[in-house]
Amino acid sequence: MAKQILTLNQISVKGLERLSREDYEVASEFAHPDAILLRSHKLKSDDIPDSVLAIGRAGAGTNNVPVADCSKRGIPVFNAPGANANAVKELVAVGLLLGSRGIVEGIDYVATLAEMSDKAEMNKVLEAQKKQFKGSELVGKTLGVVGLGAIGSMVAEMALTLGMDVVGYDPALSVEAAWRLSSQVQRADTLSALFAKSDYITLHLPVFDSTRGLVNAELLAAVRDGACLLNFARQEIVDEEALLDALENGKLRKYIADFPSPGFIGRDDVILMPHIGASTEEAEDNCAIMAADQLRDFLENGNIRNSVNFPNLTLERVSGCRLSVTNENVPKILGSVLSILADENINVIDMLNKSRDDIAYNLIDIACHASDEVLDKMRELEGVINVRLIGDCD
Ligand SMILES: NC(=O)c1ccc[n+]([C@@H]2O[C@H](COP(=O)([O-])OP(=O)(O)OC[C@H]3O[C@@H](n4cnc5c(N)ncnc54)[C@H](O)[C@@H]3O)[C@@H](O)[C@H]2O)c1
Ligand SMILES: O=C(O)CC[C@@H](O)C(=O)O
């Protein structure tokens, strides 16, 4: 029977094409879907039917998905790390330029001359007025990059090529990300040191409980006078009241962000975009392809790549008959599962077991079919969250 994939946002056709028509049905309404594919749709736990085995986020941030609840229910949540990083990097380059020159103001001013019909007069007026839109160059200025993952590291590299000095802060930098980073990026030991040093600060970290409101009054007090803050990460990382105060008292010269919020619209010192950081054809294709491929590999083989709540685990298929078992990460459960198979004389050909936080995940290739009764015995074990027989193994 074809598997059903519920899409909760517009997903690029190139991604959907990875789900063959013979094996998958894709639609925006299903009562009992096998998986969900989404972008920024705010998904509530109650809206995830019990039939759902996995969720694919065609993007980087998963703060719109109730990840902790999904872990409890044994549902892996996948994302598409790095797939839209270049698109965001390019928009940050635009943000830096908008923050350094009177580009938006100049364009707005020119629009006010629409009624003027005399070309010479127009030229005279604008030549007289253009001094209002003077800016300064980026070369030699310091950019502080908060979060040096897929996007932050590309932004750092881009700023170096523009002749900026770059200082970075990332207390959880992965080894892989550290390898990607140019040695010219200076390290800030604290966030306030970065804020104090930078003419421009750009945020590229996820929103977690620990980062919500991270940019607060205390941090903004440390900012270099007249600095410009760019936020292409998430609105929730910035304390809006403290930000408005910093703009009002001139500590911050400009706020440029991808997340409009009512109190900020219409201010001269704020430039807002409608969450378009990842809105390029290339990024939408990359994200959708990655998310669809990962969902498929999970549904068809139980493999896990780029999950934000499950361990990464891929096991080459040696038998048609595969079991996946998700359990609480406590001792003895795997032993009990294997005992049930042994009692039924079912030989294990290959297996892999990994854990992450409170979740343990096992792939077990077996020599012959396991009946529903055997699977139910496993499901009844204390601490087992779900058991799935994957593939055709008669
Ligand atoms: N505007 C958009 O459309 C758009 C597009 C893509 C991503 N994003 C946002 O950008 C975020 C980053 O994306 P990414 O692809 O670079 O993710 P990533 O996971 O590759 O990098 C995030 C980095 O932030 C670091 N980090 C975590 N906590 C931190 C802290 N307290 N201080 C400093 N650094 C910290 C991590 O160690 C990691 O290196 C996403 O989580 C998402 O919210 C927005
Ligand atoms: O899907 C989008 O358009 C936005 C994605 C972006 O916010 C992300 O976190 O990857």
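Biologist: Which residues come nearest to ligand 1?
Modeller: In this predicted model, the surroundings of ligand 1 comprise 33 residues. By class, 19 of the shell are nonpolar, eleven polar and three charged. Those that come nearest to the ligand are Gly61, Gly147, Gly149, Pro206 and Gly277.

Biologist: Which helix gives the largest share of the shell around ligand 1?
Modeller: Two helices, α3 (85-100) and α6 (150-161), each supply at least two residues of this shell. The largest share amounts to three residues, and its source is α6.

Biologist: Where does ligand 1 lie with respect to the domains, and why?
Modeller: The protein chain is divided into domain 1 (1-83 + 280-310), domain 2 (85-101 + 136-272) and domain 3 (313-394). Residues of the shell around ligand 1 come from both domain 1 and domain 2, so the ligand lies between domain 1 and domain 2.

Biologist: What distance separates the centres of domain 2 and domain 3?
Modeller: The C-alpha trace of the whole protein chain spans about 90 × 50 × 35 Å along its principal axes. Taken over C-alpha atoms, the centres of domain 2 and domain 3 are separated by 46 Å.

Biologist: How many residues around ligand 2 are polar?
Modeller: The residues around ligand 2 are Arg39, Ser40, Gly59, Ala60, Gly61, Asn84, Gly277, Ala278 and Ser279. Two of the shell are nonpolar and one is charged, while the number of polar residues is six.

Biologist: What percentage of the residues in the protein chain is buried?
Modeller: The protein chain contains 13 helices and 16 strands. With burial requiring 20 or more other C-beta atoms within 10 Å of a residue's own, the buried share of the 394 residues is 39%.

Definitions and conventions: Residues numbered from 1 in each chain as written. Chains lettered and ligands numbered in written order. Predicted model: local features only at pLDDT ≥ 70, side-chain atom pairs only at ≥ 80, totals over all residues. Near = placed C-beta within 6 Å. Helix = DSSP H or I, 4+ residues; strand = E, 2+ residues; numbered from the N terminus. Nonpolar A, V, L, I, M, F, W, Y, C, P; charged D, E, K, R; others polar. Domains from an automatic or database assignment. Buried ≥ 20, exposed ≤ 12 C-beta atoms within 10 Å, placed from the backbone.
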